[in-house]
Amino acid sequence: MPKPLARYSTIDVRLFAPNLGAEIAGVAIEDGVSPEQFSEIRSAFLDHQVLFFKDQKEISPERQIEFGRLFGELHTHPAAPSMTGYPEIFEIHVHKDSAVANGEFWHSDVSCDERPPLGTMLQLHVLPAAGGDTMFSDMYGAYESLSGAMQEFLAGLTATHASDHVYPGRYSDRGQHDSNIDCPSSVHPVIRTHPDTQRPALYVNRTFTTRINELSENESGVVLQMLFDHAEKIDFQIRYRWGHNDMAFWDNRCCMHRAIWDYWPAERKGRRVTIRGERPALADFRP
Ligand code: SIN
């Protein structure tokens, strides 16, 4: 069922798809956001999980940092190099000589951190002529569509989210050497409660989640594979085709994403700011 659209008076909000996402117009982030606009943006973010800000000018690093801080303290990536002079900014830059592109497999950003990012804001300034889309997947929907028996089985289970198989060597083509990086590993509930909406969401992803701790290795492997396949079903997905200077702002607590690198040798470039989240909280199972 399409999500009902709340009434907004200081921004324009249009559903991107019935299940997930909204496009936001009528606000120019580079020119500043009023307290009323901030409050409506925050409501739309909680209602739609990922927002796409259209018709933007290029947002300066200072303004993007300031906008991010409205939502909370900023998060610093444990391994990726930051933009020179701006430790809060992670530059996304892929070109013909890149060895990897960021986010090519389904994930929730840096879920290996003890306090993973609440949300991520990415504005893209250089786009390939075609391709370079980002996909998002609704983890409330993924949880809700599991059978009651599976929801009950998963309630109370925890998973390890590691990064020592992800980060070493990953950013070496950008001058980041392994001696400078941290590879966090954390234990989070398999089903988490979103701290603002109180809705349960599936919280495992193919990039970082390595083990369900309460199961044997074999059981964990089988259950995780089933959950990854379930969470990546097209039923929960949208695919966003970027426009120049669009900014996406996604909620890592209830959606996953994946960036498509189908545009080599073309270039794709932008700046990303992440907002620090809280420790994921275990969801109560309510039959
Ligand atoms: C990411 O932050 O995972 C990358 C997203 C993108 O480049 O579309």
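This briefing walks through a salt-bridge network, one residue in a loop, and the enclosed cavities of the structure above. The model is a predicted one. Across the whole structure there are 20 salt bridges, and a search turns up 3 cavities of 30 Å³ or more. Let's take these topics in turn.

**A network of salt bridges**

- A general point helps to start: side chains that carry opposite charges can pair when their charged atoms come close.
- Here, salt bridges with shared partners join Arg42, Arg192, Asp196, Asp251, Arg253 and Glu278 into one network.
- A good place to enter the network is Asp196, which forms a salt bridge with Arg42, with 3.3 Å between the closest N and O atoms.
- This pair links distant parts of the chain, 154 residues apart: Arg42 belongs to helix α1 (residues 35-48), while Asp196 sits in the loop between β10 (191-193) and β11 (200-202).
- Asp196 also forms a salt bridge with Arg253, and here too the closest N and O atoms are 3.3 Å apart.
- Because Arg253 lies in the loop between β14 (247-251) and β15 (255-259) and Asp196 in the loop between β10 and β11, this second pair ties together parts that are 57 residues apart in sequence.
- From Arg253 you can go on to Glu278, since the two side chains meet in a salt bridge at 3.8 Å, N to O.
- Glu278 is found in the loop between β16 (268-276) and β17 (281-282) and Arg253 in the loop between β14 and β15, so their pairing ties together parts that are 25 residues apart in sequence.

**Buried or exposed?**

- Arg253 has a relative accessible area of 2% and is therefore buried, as it falls under 20%.
- Asp196, at 37% relative accessibility, counts as partly exposed.
- Arg42 is also partly exposed, with a relative accessibility of 34%.
- Glu278 counts as partly exposed as well, at 27%.

**A look at Glu58**

- Where does Glu58 lie? Its place is in the loop between β3 (50-53) and α2 (61-69).
- With a relative accessible area of 41%, Glu58 is partly exposed.
- Setting aside neighbours within four places in sequence, Glu58 is in contact with Glu30, Gln123, His125, Asn245 and Arg271.
- With Arg271, the side chain of Glu58 makes a polar contact, side chain to side chain, at 3.1 Å.
- Glu58 and Gly270 are 212 residues apart in sequence, yet their C-alpha atoms are 9.7 Å apart in space.

**The largest cavity**

- The largest cavity holds about 110 Å³ of space.
- Its lining is made up of Ile92, Asn102, Gly103, His107, Asp109, Leu122, Thr134, Trp250, His257, Ala259, Arg268 and Arg272.
- Strands β15 and β16 each supply at least two residues of this lining.
- By type, the lining residues of the largest cavity divide into 4 nonpolar, 5 polar and 3 charged.

**The second largest cavity**

- About 60 Å³ of space lies in the second largest cavity.
- It is lined by 13 residues, and those closest to its centre are Ser108, Met139, Leu202, Tyr203 and Met256.
- Which kinds of residue form the lining of the second largest cavity? There are 7 nonpolar, 5 polar and 1 charged.

Notes
Residues are numbered from 1 along each chain as its sequence is written. This is a predicted model: local features need pLDDT of at least 70, side-chain atom pairs count only at pLDDT 80 or more; totals for chains, interfaces and linings use all residues. Side-chain values use heavy atoms; hydrogens and water are left out. A salt bridge is a side-chain nitrogen of Lys or Arg within 4 Å of a carboxyl oxygen of Asp or Glu. Helices (H or I, at least four residues) and strands (E, at least two) are DSSP runs, numbered from the N terminus. Buried means under 20% relative accessible area, exposed over 50%, partly exposed in between (1.4 Å probe, protein chains only). Contact means heavy atoms within 4.5 Å. A polar contact is a pair of N or O atoms within 3.5 Å; within protein, one must be able to donate a hydrogen and the other to accept it, and residues adjacent in sequence count only if both atoms are side-chain atoms. On a 1 Å grid over the protein atoms alone, a cavity is a set of points where a 1.4 Å probe fits but cannot get out, and a pocket is an open set with protein on both sides within 12 Å along at least five of seven lines; lining residues have an atom within 4 Å of a point. Grid points are joined across faces, edges and corners, and a volume is the space filled by probe spheres set on the points. Ala, Val, Leu, Ile, Met, Phe, Trp, Tyr, Cys and Pro count as nonpolar, Asp, Glu, Lys and Arg as charged, and the others, Gly among them, as polar.
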